[in-house]
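Could you take a look at this one before we talk? I've put down a few points to help you find your way around.

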Amino acid sequence: MKIKEILADGRPSVSFEIFPPKKDAPFAPVKEAVERLARQKPSFMSVTYGASGHAQANTVAIASFVQSCGVTALAHLTCLSATRDSIANETSALEAAGIKNVLCLRGDMPKDVPSTPPGSFRHAVDLVRTLRASTSFCLGGACYPECHPECEHMEDDIRHLREKVEAGLDFVTTQMFFDNNIFYRYLSKLRDRGVTVPVIAGIMPVTNGKQIARICKLSGTYLPSRFKAIVDKFGDKPDAMLDAGVTYATEQIIDLFANGINAVHIYTMNKPEVAERIMANLRGILSDDDR
Ligand code: FAD
């Protein structure tokens, strides 16, 4: 199914993100995680591409496995180090696997390469244009409620996002955020600037306090004092941090639903137990009677 159709039906949508195995790592643990996550009946599951050393070829295999578990898959695809031919090969493989949805991404700039080679895709918008012209995928893209770290001004970042949407995106998914007010202000700005596609709110349940402090420092994500207090107090106690991280993410999601946001994407970090606990907390909210 195409994700734009899932989002159009107006019911609360909860989706999950998963990483494929790293190069030469076994598939079994990832497949087990997918099977457990599929039992939670997410609206769809996204599979990352090449991020943090995860083998790119494994994205298609895991996305295909997601669909064999009865869940719509969204395959991520990055373009920074791609060629026209490599993108054509990737899209053929995705089409052959029955994948209908692609998240079009630039990918992170490698630290040791000062500029992208001539002729390559420079921005995600180049990939969106290529796929819109040559395929019938439902296309998603990334957006940044706290501005992309390489962009100095939010207005410029939103202008670039609008260009990406006008090139053919059907929806966008946000970078993680820990303060819903930042998301609400951003969404209102997007609507004012003419970005009208569905915006899926990306939620990261934090179960490793130290790791998240480092990630947020790198990405510039704001940590509210209530969140910082939790990490300071429980960051070194895995069981306590799990309880606190699940509760914090659940509260963020309930607040989003209460404020009319219908689509939430959970960055599961391949931990089905975290997603299971959040979904258990949302059972009444997501039940058919309440939709
Ligand atoms: P772009 O949309 O190209 O934007 C990148 C920067 O360029 C921004 O600062 C933007 O303002 C600027 N820009 C855009 N267009 C123009 C233009 N025409 N002229 C000048 N400047 C412009 N990474 C992975 O490697 N694998 C993944 O699977 C993955 N999944 C992700 C999923 C989500 C939901 C998110 C939010 C991020 C994901 N990332 C992933 C990280 C992503 O690749 C990085 O954040 C990357 O730095 C930017 O990707 P983008 O697609 O947003 O790029």
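Here are my notes, going from the barrel to the helices around it and then to one residue.

1. First, a caution: this is a predicted model. Please read everything below with that in mind.

2. Start with the barrel. Eight strands close up in the order β1-β2-β3-β4-β5-β6-β7-β8, and the pairing is parallel. Going from one strand to the next, the twist averages 30 degrees.

3. For a close look at one pairing, try β2 (residues 45–47) and β3 (residues 73–78). These two strands pair in the parallel sense over three bridges. If you want a spot to click on, Ser46 stands opposite Leu74 in β3.

4. Now add the helices that sit on this part of the sheet. Helix α2 (residues 28–38) packs there and touches β1 (13–18) and β2, with its direction at about 175 degrees to that of β1. Helix α3 (residues 57–68) lies across β1, β2 and β3, and runs at about 170 degrees to β3.

5. Next, look at helix α10 (residues 238–258) by itself. How far apart are its end C-alpha atoms, and does that distance agree or disagree with the expected span? With 21 residues at 1.5 Å each, α10 should span 30 Å, and its end C-alpha atoms are 30 Å apart, so the two agree. Buried residues of α10 include Met241, Leu242, Val246, Tyr248, Ile253 and Phe257. After the helix comes Gly260, which has a positive phi, near 85 degrees.

6. α10 also has a helix partner to check. Two packed helices are described by the angle between their axes and by the distance between those axes. For helix α7 (residues 180–192) and α10, the axes come within 10 Å and cross at roughly 35 degrees. The crossing of α7 past α10 is right-handed. At the contact, Asn180, Phe183 and Tyr184 in α7 meet Gln252, Asp255 and Leu256 in α10. Sorted by type, the residues of this contact are three nonpolar, two polar and one charged. Two of them, Gln252 and Leu256, also appear among the buried residues of α10.

7. Last, one residue to zoom in on: Ile212, in helix α8 (residues 209–219). Is Ile212 buried or exposed? Its relative accessible area is 4%, and buried means under 20%, so Ile212 counts as buried. Leaving out residues up to four places away in sequence, Ile212 touches Met176, Phe178, Met204, Val206, Phe227 and Val231. Val231 is 19 residues from Ile212 along the chain, and their C-alpha atoms are separated by 8.8 Å.

Methods. Residues are numbered from 1 along each chain as its sequence is written. This is a predicted model: local features need pLDDT of at least 70, side-chain atom pairs count only at pLDDT 80 or more; totals for chains, interfaces and linings use all residues. Side-chain values use heavy atoms; hydrogens and water are left out. Axes are lines fitted to C-alpha atoms, for helices over the stretch in contact, and angles run from 0 to 180 degrees between N-to-C directions. Helices (H or I, at least four residues) and strands (E, at least two) are DSSP runs, numbered from the N terminus. A crossing is left-handed if the near helix is turned anticlockwise from the far one by less than a right angle, and right-handed if clockwise. Contact means heavy atoms within 4.5 Å. Ala, Val, Leu, Ile, Met, Phe, Trp, Tyr, Cys and Pro count as nonpolar, Asp, Glu, Lys and Arg as charged, and the others, Gly among them, as polar. The expected span of a helix is 1.5 Å times one less than its number of residues. Buried means under 20% relative accessible area, exposed over 50%, partly exposed in between (1.4 Å probe, protein chains only). Two strands pair if DSSP finds at least two bridges between them.
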